[in-house]
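User: Hey, I'm new to this one and would like a quick walk through it. Can I throw some questions at you?
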Amino acid sequence: MKVVSIIAAALASSSATIAAIVPVQPRDVADGFYQVVTDDAGNTRTEFKAFDFGSAKTSPNEARVLEKRAEACGSPVNAGEVDQANECLINSFFGNNVYLRKNQWTYCVRGKVVSFICPYSDGDKSKNNISGAWGYVRGKCGSNKAGYSQVLYGNGDWTAGYAPNDGISFCTAGFHA
């Protein structure tokens with residue numbers, strides 16, 4: 001009986017270990033452009049638009065190595081998917097400027113990466129300044145690391161960045177793609 005108890009305990013221990021090392025699977029989120037609007041009561045509404053990654057025109061990111069108020073580096077990401085998610089996001093706006101209201105979180109998903117713009121106040125920023133924030137993150141964190149940075153110039157208090165699309169929060173605590 002002791003042998004059976006020992007074997008049962010060993011099996012229970014090993015199955016708990018196996019369950020503990022199984023990686024978290026990313027949620028199934030479609031590639032494309034998302035915009036979230038939060039009303040005064042805290043209710044959110046998400047709008048989705050598919051993005052044709054095959055027809056996107058690329059433009060170089062302008063890195064501005066300036067002191068930033070809000071920035072951080074994070075987990076590993078695929079640099080190619082970062083570039084495509086950034087293209088999806090910036091090319092989803094018409095003209096040279098992006099106009100967003102406070103808490104109008106805007107993001108694009110490409111594969112296992114989410115690229116985002118987080119406006120903490122109403123305002124507008126040029127596409128070049130948003131791309132500059134992404135370039136700054138790439139320069140500071142490395143080409144295969146997630147991160148975010150303050151978007152300089154223009155009007156409003158905004159951050160822009162990119163992260164793994166695996167449940168990591170961005171824009172506000174508990175919000176993810």
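User: Let's start with a helix. Which residues of α3 are buried?

Analyst: In α3, the buried ones are Lys127, Asn129, Ile130, Ser131, Gly132, Ala133, Trp134, Gly135, Tyr136, Val137 and Cys141. Keep in mind that this is a predicted model.

User: How many of the residues of α3 is that, and what does it say about the helix?

Analyst: It's 11 of the 15, so α3 is largely enclosed by the rest of the structure. End to end, α3 reaches 21 Å from its first C-alpha to its last, close to the 21 Å expected at 1.5 Å a residue.

User: And what follows α3?

Analyst: Glycine 142, whose phi is positive, near 105°.

User: OK, zooming out. How many helices and strands are in the protein chain?

Analyst: The chain has three helices and nine strands. Along the sequence they come in the pattern α-β-β-β-α-β-β-β-β-α-β-β. Of the 177 residues, 39% are buried.

User: What about contacts between residues far apart in sequence?

Analyst: Take the contacts between residues at least 6 apart in sequence: 70% of those join residues at least 24 apart.

User: Where's the core, then? Which residues have the most contacts inside it?

Analyst: The largest nonpolar core has 36 residues, and Tyr107, Ile117, Ile130 and Phe170 have the most contacts inside it. Several elements each supply at least two of its residues: β1 (32-38), α2 (79-90), β4 (97-100), β5 (106-110), β6 (113-119), α3 (127-141) and β9 (158-164). As a general point, nonpolar side chains tend to be buried together in soluble globular proteins.

User: What is isoleucine 117 in contact with?

Analyst: Setting aside neighbours within four places in sequence, isoleucine 117 is in contact with Leu89, Phe93, Leu100, Trp105, Thr106, Ile130, Trp158, Thr159, Ala160 and Cys171.

User: Thr106 is on that list. Where does threonine 106 sit?

Analyst: Threonine 106 is in strand β5. It counts as buried because its relative accessibility is 0%. A polar atom of its side chain lies 2.9 Å from the backbone oxygen of glutamine 104.

User: Which residues stand opposite threonine 106?

Analyst: Glutamine 35 stands opposite it, and so does isoleucine 117 in β6. β1 and β5 pair antiparallel over four bridges, while β5 and β6 pair antiparallel over five bridges.

User: Is β5 itself enclosed or open?

Analyst: Enclosed, largely: four of the five residues of β5 are buried, so the rest of the structure mostly surrounds it. In the hairpin of β5 and β6, two residues lie between the strands, and glycine 111 takes a positive phi near 60°.

User: Switching to β4. Which way do its side chains point?

Analyst: They alternate. Val98 and Leu100 point to one face and are buried, while Asn97 and Tyr99 point to the other and are not. That fits a general rule: in a regular strand, side chains alternate between the two faces of the sheet.

User: And which strand is β4 joined to by four bridges?

Analyst: β4 is joined to β7 (residues 123-126), and the two run antiparallel. Tyrosine 99 stands opposite aspartate 124 in β7.

User: Now α2. What do its buried residues pack against?

Analyst: They pack against β1, β4, β5, β6, α3 and β9. The buried residues in α2 are Ala79, Val82, Ala85, Asn86, Glu87, Cys88, Leu89 and Ile90.

User: What happens at the start of α2?

Analyst: There, a side-chain oxygen of asparagine 78 reaches to within 2.9 Å of the backbone nitrogen of glycine 80. The helix has 12 residues and reaches 16 Å from its first C-alpha to its last, close to the 16 Å expected at 1.5 Å a residue.

User: Last one: where is aspartate 157?

Analyst: Aspartate 157 lies in the loop between β8 (145-150) and β9.

User: What does the side chain of aspartate 157 make a polar contact with?

Analyst: With the side chain of glutamine 150, at 2.5 Å. Aspartate 157 is partly exposed, because its relative accessible area of 27% falls in between the cut-offs of 20% for buried and 50% for exposed. Its C-alpha is separated by 5.4 Å from that of tyrosine 120, 37 residues apart along the chain.

Conventions
Residues numbered from 1 in each chain as written. Predicted model: local features only at pLDDT ≥ 70, side-chain atom pairs only at ≥ 80, totals over all residues. Heavy atoms only, no water. Core = buried A, V, L, I, M, F, W, Y, C linked by side-chain atoms within 4.5 Å. Buried < 20%, exposed > 50% of the residue type's maximum accessible area, 1.4 Å probe, protein only. Contact = heavy atoms within 4.5 Å. Polar contact = N/O pair within 3.5 Å; in protein donor to acceptor, adjacent residues only side chain to side chain. Expected span 1.5 Å × (residues − 1). Pairing = 2+ DSSP bridges.
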